[in-house]
Amino acid sequence: MSRRRPRVIRNKGVIAAARVQRTPPPGARLPFQVDPWTRRLVRPLLIAGVATAPALGMLVIVSIAQPDQPWLTLVWLCFFAALEGAYTAAWLHHPDSRAVDRGTYRVAEVFLLLVLARIVSWVVFGVGLPSPDEMRVFLGAPLSFVMVGNFLTTAFVTLFAWYVAVVMGRLFAQLDVGVEEVQFYTLSPAERQAQADNRPISTPRGVLQTQYMNRWIGLGMLMVFLAALSTFEVGQFASVANVPDIARLGLRPAILFALLLYFLGGLWLLSHARLLRLNAQWLADGFGKEADLERSWQRSALLVVLLIAFAAAFLPIGSTLGISRILQLLLNILFYIAGLIFAAIGFLFASFLSLFVRNAEQLPPVTPEPVPTFAPTPVPTPPAQTNPAFAFVFTSIFWAILIALAIGALLFFLRERGYRLDLSRVQHSVSALGQQARALWRRLRRRAKALSHNLRERLRSPDDAAPTAGPPPLGLGRRRGLSPREQVRYYYLAAVRRAGQSGVPRADNATPLEYARELKQHWPEAESELEQLTDAFLEARYSPRPIDHPMVARVKAEWKRLRERLRRAAPRP
Amino acid sequence: MPPYLWLALLLLAIAFLLRVDFVFYILYVLAGVFLWSRWHAARALTHLVASRAYRRRAFLGEQVEVTVTLENKSRLALPWVQFQESVPPELRLEESTQHVVSLAGRGQRSHVYHVKGLQRGYYRLGPLRLTSGDLFGLAKSRVGYLPSDFLTVYPRIVPVSRLGLPSRLPFGTVASQQRLFEDTARPMGARDFRSGDPLRQINWKASAHTQKLLVRTFQPAISLETMILLDLHASDYERRDRLYWTEWAIVTAASIATHLVNQRQAVGLMSNGVDPLRIQEDAREFDEVTGRLLFQTLVGESARSYLPTPIPPGDGRSHLMKVLEQLARLDTRDTIPLSEWASTAGVRLSWGVTILAITGQGDEPRCNALHRLARAGFNPILIAVEPDANFGLVRERARRLGFRAYNLTSRADLDRIARPEVGRPAGATP
């Protein structure tokens with residue numbers, strides 16, 4: 001059996017020589033620098049701010065309609081979602097993220113934002129996280145989890161801010177010079193000529209800048225409309241027929257802030273877009289650039305916008321300006337002329353129709369048709385009772401899928417960003433935390449033993465020979481954890497203990513009423529407190545009626561007053 | 001209509017329809033930004049002063065540092081200024097000559113790049129194109145220019161001893177220190193009286209002051225002056241290697257001129273080539289690749305109209321610079337053959353001047369022309385730069401006609417000379 005040597009093709013000869021010839025020696029690169037702070041910090045924050053402004057406008061409108069709810073608190077959620085959208089848009093545009101399935105990633109992003117919006121709406125509009133009873137309702141009726149007006153509004157506003165930020169972020173990511181462009185155009189001319197096949201495809205940045213402008217203008221219209229809407233007295237919408245007759249209010253500070261943020265921030269972003277477009281042009285034309293140009297550009301643009309905004313604040317506004325009155329007069333004249341034309345057309349049309357109905361009065365009177373009587377609407381039959389087993393299976397499947405989707409979306413979101421769950425590291429961290437917790441527990445236990453030992457030693461002193469009845473003192477947190485009935489019993493027993501310490505211990509065979517009489521003899525000034533406390537105790541101990549929180553509060557107040565009296569009456573050591 | 005104006009009009013309409021007074025404020029801001037952009041873009045370059053600093057002359061192969069300075073005279077900052085210096089590719093090194101900078105109010109920025117002259121000539125640096133505009137793209141960018149400046153790259157200068165010339169020739173009178181032709185108009189000093197000194201040269205005032213007889217001394221004005229006649233008539237050179245040998249003739253002329261000035265002698269230059277600088281300024285053309293000033297005759301004009309202005313003999317470094325600058329610019333064309341031009345060249349020269357004729361070959365007409373100069377009282381010397389196997393005949397003919405002849409064809413010598421990157425003048429064939 002012959003063993004043939006594998007054939008090795010060496011890279012030499014003509015091909016290698018041609019390759020060597022094609023690769024020129026590396027020359028000096030074009031000094032073209034970009035400012036990382038602008039890309040990583042300033043621009044995402046700016047995009048998020050501009051995207052949050054319309055959402056803030058919507059929240060102001062909603063808060064006018066529902067003034068008792070803290071809608072404006074949601075602006076932080078909107079800002080967070082917009083910031084996340086801006087950063088994600090820039091990240092997805094990076095060449096390293098080309099392998100990411102964008103559609104799936106966006107779906108996961110939206111899903112996580114919805115979950116976040118649900119949690120925030122719980123916190124903002126409720127009393128915190130849902131109680132077990134509410135959880136049981138959610139488990140039984142999954143749609144009630146999402147079909148809540150507050151949550152739907154929160155989700156809509158949050159996703160709106162996120163969407164605007166994503167659209168703007170994508171535009172600016174495309175406007176910015178890419179890594180490949182910087183890599184190619186900063187090569188020396190000889191190298192660039194040798195790598196002519198790698199020339200990046202040029203991006204139509206002029207079109208992108210126009211797109212940004214159009215979207216900014218479009219959203220600006222929405223902002224102005226929201227601002228106008230916020231000035232109407234919403235309560236009069238139902239009663240006033242003519243919209244201009246509705247009473248007008250001034251602009252609210254929140255909508256004022258949103259308008260300023262949107263238009264001033266948008267102007268600043270406009271200068272960003274201009275810079276990015278010029279950047280690409282400079283790079284392609286071989287202009288060197290230092291990073292400080294972008295920083296000074298940002299400073300200058302911000303300064304110009306702020307100075308002009310400051311100066312504009314001193315100019316007359318709206319109706320105080322003469323020209324506006326003139327323009328309004330012209331508009332009214334236009335409307336009047338349009339109304340005249342409309343009336344003339346109507347008159348002509350009516351005259352034309354009158355030709356056909358000239359002798360209408362001579363016709364026999366038309367007997368009106370009887371008004372049809374409406375049949376009573378049938379009472380809807382109650383839906384058939386669903387099978388509880390089927391409902392249980394259905395809701396279980398629903399919640400299992402929802403939780404799995406949430407976890408899957410979170411893992412996918414983090415994994416694509418480069419955060420991977422390392423199980424061994426997690427186990428190691430958990431075991432380390434467990435060891436620390438066990439050590440802490442041991443230390444606390446030793447300390448508690450030592451304290452209890454000391455306490456026992458103190459209690460063995462001859463002065464405190466007679467132990468007093470009553471509950472041990474409880475902390476505020478544990479006391480609140482008791483039910484109302486137990487709290488009443490606690491306050492009574494605490495009063496008994498305090499009275500025992502003050503020299504009137506309760507005999508084992510004394511009933512609460514007997515003991516109350518004995519106490520009244522010693523502290524006649526606390527008669528009413530003693531009576532009320534004893535009555536409350538008897539009701540809590542022997543009555544089946546529910547004990548409510550206001551009663552607990554009253555008992556607590558009585559107990560406090562009694563405690564103060566006993567404390568003042570107690571002999572000082 | 002630009003979208004920005006659409007926005008303004010729409011906002012105005014909404015402001016009136018919805019009666020939102022605050023929209024007027026937004027309108028003011030938008031209008032303010034628009035007007036500021038227009039105003040600032042229009043005046044951005046009016047307060048910008050640009051300058052270019054560099055040495056105007058350079059030797060062959062020497063690097064010249066060019067500093068472009070932009071100064072903002074305004075108090076307002078210029079957020080971006082794009083400058084683009086036009087430098088021919090063959091002249092500049094691998095440095096970028098186009099940058100974008102920002103200038104603070106009353107600020108100044110400088111950019112340095114280097115050029116290297118690889119061939120003698122008259123080069124153009126610039127113009128510097130300046131572009132600036134607004135920050136928002138609401139106004140058109142404005143363009144300004146800094147006019148071009150020029151750089152002269154001297155021809156290569158070779159030590160004369162390496163050219164193969166005898167040490168005492170052709171300047172024998174220099175080494176002998178004979179003062180036969182002293183110029184009484186240029187007194188040089190005084191010395192003790194010797195027997196035989198003419199009485200007219202006694203300096204009576206100085207003699208009375210020192211109580212001994214002193215006589216005036218004068219500069220030897222005539223015998224030490226040299227005029228270089230550089231023949232750049234194209235037909236006087238063989239067609240095949242014409243570019244190479246004419247360049248060699250120029251190198252020879254520059255080297256001899258430098259040597260003479262170093263010897264504190266006066267030297268002048270005359271040539272029958274053409275000087276492109278004599279073309280009218282608006283008609284000058286520079287080569288796009290090399291940046292060198294090109295010679296192109298206008299329609300209907302003869303190349304004879306562009307003969308360089310003769311430089312009379314003079315000494316000193318500044319005079320040498322003048323000679324070298326002209327040598328840097330000269331170009332070869334069919335103008336006047338040396339045999340016809342030599343006789344007219346000596347019209348304005350003083351009697352006894354050494355005339356150094358540098359040409360291609362020493363044929364009979366050229367030798368006869370030099371003979372006429374010898375008979376006119378000059379001291380002609382022929383330097384032929386093209387190789388000639390029978391140059392002994394030329395030398396013998398020159399000797400009979402009363403002047404000396406040298407054949408300076410030292411390609412081999414030239415190869416031994418340490419040269420910059422380029423081995424031979426452009427266009428020369430091996």
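**Exercise 1. Work out how strands S8 and S9 of chain B pair, and which residues stand opposite each other.**

Step 1: Strand S8 of chain B covers residues 128-132, and its pairing with S9(B) is antiparallel, over 5 bridges. Strands here are DSSP runs of type E with at least two residues, helices are H or I runs of at least four, and both are numbered from the N terminus. Two strands pair if DSSP finds at least two bridges between them.

Step 2: Look for B:Ser132; opposite this residue, in S9(B), stands B:Arg142.

A word on the ground rules: this is a predicted model, in which local features need pLDDT of at least 70 and side-chain atom pairs count only at pLDDT 80 or more, while totals for chains, interfaces and linings use all residues. Residues are numbered from 1 along each chain as its sequence is written, chains are lettered from A and ligands numbered from 1 in the order in which they are written, and side-chain values use heavy atoms, with hydrogens and water left out.

**Exercise 2. Place these strands in their sheet and find its edges.**

Step 1: The sheet is open, has 5 strands with mixed pairing, and runs S1(A)-S5(B)-S4(B)-S8(B)-S9(B).

Step 2: S1 of chain A and strand S9 (142-146) of chain B are the edge strands, each pairing on one side only.

Step 3: Now for the link between chains: S1(A) pairs with strand S5 (residues 98-103) of chain B in the parallel sense, over 2 bridges. Here A:Gly288 is opposite B:His99.

**Exercise 3. Describe the interface between chain A and chain B.**

Step 1: Taking contact as heavy atoms within 4.5 Å, 57 residues of chain A touch 43 residues of chain B.

Step 2: About 4400 Å² is buried between the two chains, with carbon and sulfur atoms giving 75%. Buried area means the accessible area (1.4 Å probe) that two parts lose on being put together, summed over both. Of the area that chain A buries against chain B, A:Met221, A:Arg274 and A:Phe287 supply 13%, more than any other three residues.

Step 3: Count the salt bridges (a side-chain nitrogen of Lys or Arg within 4 Å of a carboxyl oxygen of Asp or Glu): there are 3 between chain A and chain B. One of them joins the side chains of B:Arg109 and A:Glu290, at 3.0 Å from N to O.

**Exercise 4. Check the confidence of chain A.**

Step 1: The mean pLDDT (the predictor's confidence in each residue, from 0 to 100) is 80 for chain A, and 79% of the residues score at least 70.

Step 2: Over residues 461-469 of chain A, pLDDT stays under 50. Where pLDDT is low, the predicted coordinates should not be read in detail.
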